[in-house]
Amino acid sequence: MKYTNPVVKGFYPDPSVCSANGKYYMVCSSFQYFPGVPLFESTDLVNWTQIGYVLTKENQVMLDKVNSSGGVFAPTIRYNNGRFYMVTTNHTTQQNFYVYTDNIYSEWSDPIYVNQDGIDPSLFFENGKTYFMSNGTDDNGESGIVQCEINIANGQKLSKSKCIWKGSGGRYLESPHMYRINEYYYLMAAEGGTEYGHMITYARSQSVWGEFVGYPNNPVLTNRNKAPYIIQGIGHGDLVMDKYGEWYILSLGFRQIDLWMPYHNLGREVFLTPVKFNFDGWFTAGKDGTTAETYEIAGNFLQNEKKLYTFENTSWKIEWCHLRRPNLKNYHFLDDRIILHGSDITLDDIDSPTFIALRQRDFQFELSVNLTLDNGEAGVTCYMCEEEHYDIALMKNDNKTNAVLKLNIGGIKHTQNIIHLKTDSACLLIRGDHHAYHFYIITENTEIYMGSGKSKYLSSEVSEGFTGVMLGLYSIGNNTALFQNFQCQYQ
Ligand code: 6LW
């Protein structure tokens, strides 16, 4: 059957995958968002359904006032002896830790810390032993992919940390994953940085401690220098075998706004690329080492994409998320509506405003929601980070309700089109396309255009960092904001 990349759209970076009991499980990084580490399930590697998050409890991850793109970096998921493990880095506290569960649909354990530095930790299990690797510095001061053996029961190191590979020469060697396939240990990694130069490289060895010999044609997969090419930044991947014995790399990548516009606002997304093992034990990936938009692969499945998101067809605990350490007393979750109470924390603060969001999944969408407000401010934000966000809002003061559009870019804060409303409710409407977000309100059955903001100003190239645009409902002030009839329809 044919599938189209990305297989998961929107801000779901650094995918890692494992198989267990005939299914596949994937995790992604989540930075300042809570709950942390989105968790997905699939039976065919193409259709992925989010089943929850891994880090659902505050004691599992410290996100209090972490910077945007701080917090939870790239996770790895592995399955061993009936138990799932997820290992990651809290970049803000500079700690590597893992959690585990025996039931993927239930809660995960408290964190177990490992005293090895670097980011992008991964686990490899073999013959009762557990190896822990990250990109860091070893006990002799050597930097690269660094490995130690640990006691999986308590995270204690059982060996020194040793640098086992220094990569193929690209900058930012990261995302190590170890596999045993037939006679070799394969160590796959990313280099080049998570932007346009990103690539996947690998090495192999007959021992888990090396010596690792680099694939002679590294990088094995990259879309760098492929211009014009919508898909860029392919890197940071994990190897996985499907039920027909075919191999794939599940990696991150991003889609440019347009062929000739090197900006991306949807964050880094999930791409699936076929891999071929050759007789000499080296493998190749993709179409001449690049990830293409479509592939024909074995299997009898249809690629289904959810195009409509409503309050009724999403679950507050599964698809939605908050910033940092939400005060859940300010949220009243109902099946077909949500009531938010604001605080004095705003969207411009590195803190936890009252905010609940879904990822923006694609360029073209139409989002609408009815809002009733008794005081202060509430609305919908297209939120990249505290400096870059566009907000369509109602504001109520002295019994006057106004609709406004607020455009925030790089610390410049602009409010336009203050429209006085006769009632304290209105429908807020956003139409997105590749180039811009267009904002409207509907009041007294009339649609009023409030203005537009360019997508490129909410892109990673402008705002920096590792996240993508979130579509969020928010509230500020001492108030009650009722949101109803939410619809986000993608084309
Ligand atoms: C992640 C690193 C990377 O830890 O970006 O693209 C970092 N790769 O491996 C943040 O996502």
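**Note on the predicted model**

1. A polar side-chain atom of S352 sits 2.7 Å from the backbone nitrogen of R325. The backbone oxygen of L323 is 2.9 Å from a polar atom of that S352 side chain. The cut-offs for a polar contact: a pair of N or O atoms within 3.5 Å; within protein, one must be able to donate a hydrogen and the other to accept it, and residues adjacent in sequence count only if both atoms are side-chain atoms. S352 is in the loop between β27 (337–340) and β28 (354–359). Strands here are DSSP runs of E, at least two residues, and helices are runs of H or I, at least four, numbered from the N terminus. S352 is buried, at 12% relative accessible area. Buried means under 20% relative accessible area, exposed over 50%, and partly exposed in between, with a 1.4 Å probe and protein chains only.

2. Ground rules. The model is predicted: local features need pLDDT of at least 70 and side-chain atom pairs pLDDT 80 or more, while totals for chains, interfaces and linings use all residues. Residues are numbered from 1 along each chain as its sequence is written, and side-chain values use heavy atoms, with hydrogens and water left out.

3. Ligand shell. Which residues come nearest to the ligand? D14, D120, T194, H236 and R268 do, out of 13 around the ligand. A residue is near a molecule or strand if one of its heavy atoms lies within 4 Å of it. By class, the shell has six nonpolar, three polar and four charged residues. Nonpolar covers Ala, Val, Leu, Ile, Met, Phe, Trp, Tyr, Cys and Pro; charged covers Asp, Glu, Lys and Arg; the others, Gly among them, are polar.

4. Ligand contacts. D14 places a polar side-chain atom 2.4 Å from a ligand oxygen. For T194, the corresponding distance from a polar side-chain atom to a ligand oxygen is 2.8 Å. R268 has a side-chain N or O atom 2.8 Å from an oxygen of the ligand. Taken alone, the ligand exposes 290 Å², and the protein buries 99% of that. Accessible areas come from the Shrake-Rupley method with a 1.4 Å probe; for residues, only the protein chains shown count as cover.

5. D14 deserves a check on backbone geometry too. Its phi is near 55 degrees, a positive value in a residue other than glycine. Most residues other than glycine have a negative phi, and most peptide bonds are trans. D14 lies in the loop between β1 (2–4) and β2 (16–20). D14 counts as buried, at 6% relative accessibility.

6. N417 also has a positive phi, near 60 degrees, and is not glycine. N417 is in strand β33. At 36% relative accessibility, N417 counts as partly exposed. I418 is in β33 (residues 412–421) as well. I418 is exposed, at 56%.

7. Cis peptides. The bond joining F34 and P35 is cis, with omega about -5 degrees. P35 is in the loop between β4 (33–34) and β5 (36–42). The bond from G210 to E211 is cis too, with omega near 15 degrees. E211 falls in the loop between β17 and β18.

8. Aromatics. There are 41 aromatic pairs in the structure. Rings of Phe, Tyr and Trp (its six-membered ring) pair if their centres lie within 6.5 Å; planes under 30 degrees apart count as stacked, over 60 as edge-to-face and the rest as tilted. Y202 and Y215 are stacked, 4.8 Å centre to centre with 20 degrees between the planes. Y202 is in strand β17 (residues 199–205) and Y215 in the loop between β18 (213–214) and β19 (231–241), 13 residues apart. Both are buried. Y202 also stacks with F283, because the ring centres are 3.8 Å apart and the planes are at 10 degrees. That pair links distant parts of the chain: F283 is in strand β22 (residues 283–285), 81 residues from Y202. F283 is buried, at 0%. One aromatic cluster takes in Y184, Y186, Y202, Y215, W247, F277, W282 and F283.

9. Cysteines. How many disulfides does a search of the whole structure find? Zero. A disulfide is a pair of cysteine sulfur atoms within 2.5 Å. For C163, the closest cysteine sulfur is in C148, 13 Å away, so too far for a bond. For C382, the closest is in C488, at 9.3 Å, again too far for a bond. C163 counts as buried at 11% relative accessibility, and C382 at 0%.
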